[in-house]
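Welcome, and please open your viewer. We will take a walk through one protein chain, stop by stop, and at each stop you will get something to select.

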Amino acid sequence: MLPKELIRFKEKGRQITILTAWDSLSSAFVEAAGADVVLVGDSLAMFIHGHSTTLPVTLQQMLHHTQAVGRGFTSPLQKHPLVVCDLPFLSYQCGEDKAVAAAGSLLKESCASAVKIEGAEPEVIKVIERLIRMGIPVMGHLGLTPQSVHNLGYHKQAESVLEQEKLISQALQLEKIGCFSLVLEHIPSEVAGRLSQLLKIPVIGIGAGEYCDGQVRVTADLLGLTDKQPPFAKPLIQTRELCIKALKDWVNQKKNSSKPRTTSASEQESDY
Ligand code: KIV
């Protein structure tokens, strides 16, 4: 599926589902679940690498994880979910040439067929325009943009009328320059709903209510893998507790049982 074909889902009123993956195990789950798109999100900096923000993850690490994601798919290239990879912090903020090299290497050396970029400041707009002209599809991302955590924090965004007007005009601009879809994170649901009506491209929400054209979730959140859940991502299953309990049971069983007696060679032979 081409990234721009997601628009057909919106036209048909069929919700788009996007789940993150970070390695071959998680991409196999997401593919088997039938998600339309796999996002190799830079949130893996936090889930997998244990950082407190997404900023430290490098382009090389994003490439490494995206390649692993590709190895987890069982269906052929034409049938597996569309793969979108986050451009990490500082891979696109320093100008168009650097961004083309970064995004190009992801498309060239992994199964990604598009990149996601946060923000719509004038410099970012120029970068996105150039990437699209160079044949690299771009998914936009507005609202809470975690790479700007030191400016925005992790709070809900676009709560004031002024901020909502800015968000709407940035979203319209992203559509105009050719983004194939737009992620809206942690904003009021009415604003996301309004944008979904205003834009032809699909609006994908996370913490942005139910009026979007699709939803994206961090798979680790849905599976309850960590003890730090964002307020808008309720786990579907308490996997962390289940795993700890299963492992604890195994450890305790081993600790409380004595080592079996080694059988002699003659006894082993008689076992056969
Ligand atoms: O990195 C990520 O997982 C994301 C989602 C929260 C949209 O960008």
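Begin with the largest pocket: helix 3 (44-47), strand 4 (114-118), strand 6 (181-185) and strand 8 (214-217) each give at least two residues to its lining. Keep in mind as you look around that this is a predicted model.

**Stop 1: inside the pocket**

Select S43, M46, F47, D221 and P230. Of the 32 residues lining the largest pocket, these are the closest to its centre. How much space lies in the largest pocket? The volume is about 690 Å³.

**Stop 2: a closed space**

Now look for a cavity. The structure has one cavity of 30 Å³ or more, and the volume of the largest cavity is about 30 Å³. To find its walls, select T20, A21, W22, G41, S43, L44, F47 and V218, which line the largest cavity.

**Stop 3: L44**

Stay with L44 for a moment, and colour helix 3, where L44 lies. Is L44 buried or exposed? Its relative accessibility is 3%, so L44 counts as buried. Leaving out residues up to four places away in sequence, L44 touches W22, H49, V57, M62 and H65. Next, draw a distance line from the C-alpha atom of L44 to that of A220: the two are 176 residues apart along the chain, yet 9.4 Å separates these atoms.

**Stop 4: zoom out**

Show the whole chain as a cartoon. It holds 12 helices and eight strands, and its C-alpha trace spans about 80 × 40 × 40 Å along the principal axes. Of its 272 residues, 47% count as buried. Among contacts with a separation of 6 or more, 59% are between residues 24 or more positions apart.

**Stop 5: strands side by side**

Select strand 1 (residues 16-20) and strand 2 (37-40). These two run parallel and are joined by three bridges, with I18 standing opposite V37. Add helix 2 (residues 24-33) to the selection: strand 1, helix 2 and strand 2 form a right-handed β-α-β unit.

Moving on from strand 2, select strand 3 (residues 82-86). Four bridges join strand 2 to strand 3, and they run parallel; here V37 stands opposite L82. Show the side chains of strand 2 as well. V37 and L39 are on one side, V38 and V40 are on the other, and all are buried, so that both faces of the strand are covered.

Go back to strand 1 and select strand 8. Four bridges join these parallel strands, and the bridge partner of I18 in strand 8 is V216. Then add strand 7 (residues 203-206), which runs parallel to strand 8 and is joined to it by two bridges. Which residue of strand 8 is the bridge partner of I204? Select G214 to see it. Strand 8 is also covered on both faces: G214 and V216 on one side, and Q215 and R217 on the other, are all buried.

**Stop 6: the nonpolar cores**

In soluble globular proteins, nonpolar side chains tend to be buried together. To explore this here, select L87, V115, I117, L131, L174 and L184. Of the 56 residues in the largest nonpolar core, these touch the most other members. A second, separate core has 15 residues, including F9, L39, L82 and M139. Now centre the view on L174. Not counting residues up to four places away in sequence, L174 touches G119, A120, I125, I128, G140, L142, C179 and L182.

**Stop 7: three loop residues**

Select H80, in the loop between helix 4 (59-72) and strand 3. H80 counts as buried because its relative accessibility is 12%. Apart from its neighbours within four places in sequence, H80 is in contact with E31, F73 and S75.

The next two residues are chosen for their backbone angles. Most residues other than glycine have a negative phi. L90 is not a glycine, but has a positive phi of about 75°; find L90 in the loop between strand 3 and helix 5 (96-109). With a relative accessible area of 43%, L90 is partly exposed.

Finish at H186, in the loop between strand 6 and helix 9 (189-198). H186 is not a glycine either, and has a positive phi of about 50°. Its relative accessible area is 12%, so H186 is buried.

Notes:
Residues numbered from 1 in each chain as written. Predicted model: local features only at pLDDT ≥ 70, side-chain atom pairs only at ≥ 80, totals over all residues. Heavy atoms only, no water. Core = buried A, V, L, I, M, F, W, Y, C linked by side-chain atoms within 4.5 Å. Buried < 20%, exposed > 50% of the residue type's maximum accessible area, 1.4 Å probe, protein only. Contact = heavy atoms within 4.5 Å. Pairing = 2+ DSSP bridges. Right-handed = clockwise from strand over helix to strand, strands pointing away. 1 Å grid on protein atoms, 1.4 Å probe; cavity = no way out; pocket = protein on both sides within 12 Å on 5 of 7 lines; lining within 4 Å. Points joined across faces, edges and corners; volume = space filled by probe spheres on them.
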